[in-house]
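Could you walk me through this structure in my viewer, telling me what to select at each stop and what I will find there? I have not looked at it before, so please take it step by step.

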Amino acid sequence: MKVLQKEIPLYLLQLDALHRRLPPSHRAKRIVENDLRNYYAGYKGEQSMEYYLSFLNEEAVIIPGLRLKGKSDFYFQIDRIVITKKYILIFEVKNFSGTVIYDKTHDQFIRDNGEVKEVFTNPILQLGRQASQFKSFLSSNNLPNLPILSYVVFANSNLFITTIPENIKLPPNIIKSENVPFILKNIESKYRTNILSSKELKKMDKLLRKANEPYRAENFLLYYSIDYNDIIKGIICPECLTLPIERAEKKWFCPSCKKTDRSIYRYSLNDYYLIFGIEARNSSIRSFFDIDSPYTIFRILKRYKYIGTSKKNRVYLLEYDHNYCIFEYPSLKKEVGGQT
Ligand SMILES: [Zn+2]
């Protein structure tokens, strides 16, 4: 049950960790499950873009979920950004099902899932803001100015798009994902001059990945009104997800699948990071792992940076380790009746 994937958004991993550490009878369990289902559907929609973007014939850098700090310390996020030597593409991916109505008369977008009709944020205006924020990010980092083209992509092929008044043309930057290859072809034939060198493109990629600050939820427990004591403590088995497993003779041992591994605790340290945040004390990890020995925990935490001088008061700054990632939801969703 090991999923080794770097591109799963942190927020999705957070929901997944919280979900598995809540007892089945907890009143927040279904709410978390519902959020997990919705975010997973969005993530799958964005992922389907990978296939269509593979039609691009240019040397390109593609970054999913790029989140940058803009002016006045406000963050902006771009679902998919494609940077080539000639131009930049920005995609806002919507994974709606049912019907989307483009109301030209009132310049608004309505989504109708068969039960509820609601107006959603005008994605064209949203794109315009993203493009201008990205433009100023480029200039404030002394990066070359490339033409920016932006599109709203509806990822669900069963989505029905209609207009008010009827039968008018959609704005040209509103497309369905299956049209992406045609759009790419069109753009490729229009933009033929290199502005960046391959070296500059690589430099830009490096800089953007460094500046990227993926969204992570703070105060997770507060948000869902979950008490610390409600969270299931202990070390989890990454193979069969038994929780908690035992420690015997300095080794962790799973009673269900018999897995044993010295570094198995790292999966649970990730769970701690996802649920409680980056800061951890020796005592808080002891409590979460359900272990008495401060020395065992000290050996686990000493690899991290810390604040505080005395050993007793140290606050360690955890980091998420993608090599010890558990992402349970995809195998769960049939059981929980998930729709994606
Ligand atoms: Zn196991």
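Begin by selecting helix α4, residues 123-140, in this predicted model. Helix α4 lies across β1, β2, β3 and β7, and runs at about 145° to β7.

Now show the strands beneath that first selection. They belong to an open sheet of five strands in the order β1-β2-β3-β7-β9, with mixed pairing. Colour β1 (60-69) and β9 (174-176) to mark the edges, since each of these pairs on one side only. As you go from one strand to the next, the twist averages 35°.

Next, select strand β3, residues 88-94. Is β3 largely enclosed or not? Seven of its seven residues are buried, so β3 is largely enclosed by the rest of the structure. In a regular strand, side chains alternate between the two faces of the sheet. Turn on the side chains here and look at each face of β3 in turn: Ile 88, Ile 90, Glu 92 and Lys 94 are on one side, while Leu 89, Phe 91 and Val 93 are on the other. Both faces are covered, and the residues on them are all buried.

Keep β3 in view and add its partners. Strand β2 (residues 75-84) runs antiparallel to β3, and four bridges join the two. A hairpin of three residues makes the connection from β2 to β3. To see one of the pairings, pick Ile 81, whose bridge partner in β3 is Ile 90.

For the other partner, select strand β7, residues 148-154. Here the strands run parallel, and seven bridges join β3 to β7. Click on Glu 92 and you will find Val 152 of β7 opposite. Moving on, β7 pairs with β9 in the parallel sense, over three bridges. Phe 154 is one place to look, with Lys 176 in β9 as its bridge partner.

Time to zoom out. The domain assignment gives domain 1 as 10-40 + 231-332 and domain 2 as 55-211. Give each its own colour: the C-alpha centres of domain 1 and domain 2 lie 36 Å apart. With the protein chain in view, there are 11 helices and 15 strands to explore. Its C-alpha atoms fill a box of roughly 70 × 50 × 35 Å, taken along the principal axes. Of the 340 residues, 26% count as buried.

Your next selection is a pair of helices, α1 (residues 10-20) and α8 (residues 265-276). At what angle do α1 and α8 pack? The angle is about 105°, with the axes 8 Å apart, and α1 and α8 are therefore roughly perpendicular to each other. Show the side chains at the contact: Leu 13, Gln 14, Ala 17 and Leu 18 come from α1, and Asp 271, Leu 274 and Ile 275 from α8. These contact residues divide into five nonpolar, one polar and one charged.

For the last stop, select Tyr 224, in the loop between α7 (220-223) and β10 (246-248). Tyr 224 counts as partly exposed because it has 19 C-beta neighbours inside 10 Å. Which residues does Tyr 224 touch, leaving aside those up to four places away in sequence? They are Ala 28, Ile 31 and Val 32. Measure from Tyr 224 to Ala 28, C-alpha to C-alpha, and you should get 6.6 Å, although the two are 196 residues apart in sequence.

Conventions
Residues numbered from 1 in each chain as written. Predicted model: local features only at pLDDT ≥ 70, side-chain atom pairs only at ≥ 80, totals over all residues. Buried ≥ 20, exposed ≤ 12 C-beta atoms within 10 Å, placed from the backbone. Pairing = 2+ DSSP bridges. Domains from an automatic or database assignment. Axes fitted to C-alpha atoms, helices over the stretch in contact; angles between N-to-C directions. Parallel < 35°, antiparallel > 145°, perpendicular 65-115°, else oblique. Contact = placed C-beta atoms within 7 Å. Nonpolar A, V, L, I, M, F, W, Y, C, P; charged D, E, K, R; others polar.
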